[in-house]
Amino acid sequence: KLMNTNQLITLIRQWGEEKNITGPNAKATSLTQYLKLHEECGELLQGLIKQDHAETIDAIGDCGVVLILLAQLEGISFEECLESAYNIISQRTGQMIDGCFVKDK
């Protein structure tokens with residue numbers, strides 16, 4: 001059974017504080033988290049290229065963890081970021097071109 005998304009985000013935030021990535025003893029910065037995201041995106045690319053489903057799942061999850069912690073370092077919530085993005089994309093029009101959604105100007 002999958003955990004509730006809110007529970008997972010809470011656990012990830014607690015883990016980030018325990019590891020001193022975020023919180024009062026934070027050793028990470030937004031820039032170091034961005035660099036970590038870049039690394040995880042490279043692993044995602046490798047999983048996709050190799051068509052390695054397990055590696056792809058792991059890399060997508062790792063990207064999510066990094067983004068949750070990066071938002072926290074910026075003093076915003078990941079949920080706020082998602083809601084903001086959804087509010088914009090829900091109004092967006094465009095079309096699929098070569099497998100990618102291209103927004104209208």
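## Trp-15 and its helix

Let's start with Trp-15, which sits in helix α1 of this predicted model. Is Trp-15 buried or exposed? Somewhere in between: its relative accessibility is 38%, so it counts as partly exposed, a label for values from 20% to 50%. Setting aside neighbours within four places in sequence, Trp-15 is in contact with Ile-21, Val-65 and Leu-69. Leu-35 is another story: 20 residues separate it from Trp-15 in sequence, and the two C-alpha atoms are 19 Å apart in space.

The helix around Trp-15, α1, runs over residues 5-18. Its 14 residues reach 20 Å from first C-alpha to last, close to the 20 Å you'd expect at 1.5 Å a residue. At the N-terminal end, Asn-4 acts as a cap, with a side-chain oxygen 2.6 Å from the backbone nitrogen of Asn-6. Just past the helix, Asn-20 has a positive phi of about 60 degrees.

## The buried face of α1

Which residues of α1 are buried? They are Ile-9, Ile-12 and Gly-16. Looking down the axis of α1, you'd find these buried residues within an arc of 60 degrees, so they line one face of the helix. The spacing fits a handy rule: an α-helix has 3.6 residues a turn, so residues three or four places apart point the same way.

And what do the buried residues of α1 pack against? Their partners are α3 (53-73) and α4 (78-89).

## Thr-22 in the loop

Move on into the loop between α1 and α2 (30-50) and you meet Thr-22. With just 1% relative accessibility, Thr-22 counts as buried, because the cut-off for that is under 20%. The Thr-22 side chain reaches the backbone nitrogen of Glu-17 at 3.4 Å.

Leaving out neighbours within four places in sequence, Thr-22 is in contact with Arg-13, Gly-16, Glu-17, Leu-69, Gln-72 and Leu-73.

## Helix α2 and its two sides

Next comes α2, with 21 residues. From first C-alpha to last it reaches 30 Å, close to the 30 Å expected at 1.5 Å a residue. Its buried residues are Gln-33, Leu-37, Glu-40, Leu-44 and Gly-47. Seen down the axis of α2, they fall within an arc of 70 degrees, so they line one face of this helix too.

Part of what covers those buried residues is α3. Over on the other side of α2, the exposed residues are Leu-31, Leu-35, His-38, Ile-49 and Lys-50. After α2 comes Gln-51, which has a positive phi near 55 degrees.

## The largest pocket

How big is the largest pocket? Its volume is about 220 Å³. Helices α1, α3 and α4 each supply at least two residues of its lining. Among the lining residues are Ile-9 and Ile-12, both of which belong to the buried set of α1. Others in the lining include Thr-5, Leu-8, Val-65, Ile-68, Phe-78 and Leu-82.

## The whole chain

Now zoom out. The chain has four helices and two strands, and along the sequence they follow the pattern α-α-α-α-β-β. Along its principal axes, the C-alpha trace spans about 45 × 35 × 35 Å.

Of the 105 residues, 19% count as buried. Take the contacts between residues at least 6 apart in sequence: 46% of them join residues at least 24 apart.

How values were computed. Residues numbered from 1 in each chain as written. Predicted model: local features only at pLDDT ≥ 70, side-chain atom pairs only at ≥ 80, totals over all residues. Heavy atoms only, no water. Expected span 1.5 Å × (residues − 1). Buried < 20%, exposed > 50% of the residue type's maximum accessible area, 1.4 Å probe, protein only. Arc of directions from axis to C-beta. Contact = heavy atoms within 4.5 Å. Polar contact = N/O pair within 3.5 Å; in protein donor to acceptor, adjacent residues only side chain to side chain. 1 Å grid on protein atoms, 1.4 Å probe; cavity = no way out; pocket = protein on both sides within 12 Å on 5 of 7 lines; lining within 4 Å. Points joined across faces, edges and corners; volume = space filled by probe spheres on them.
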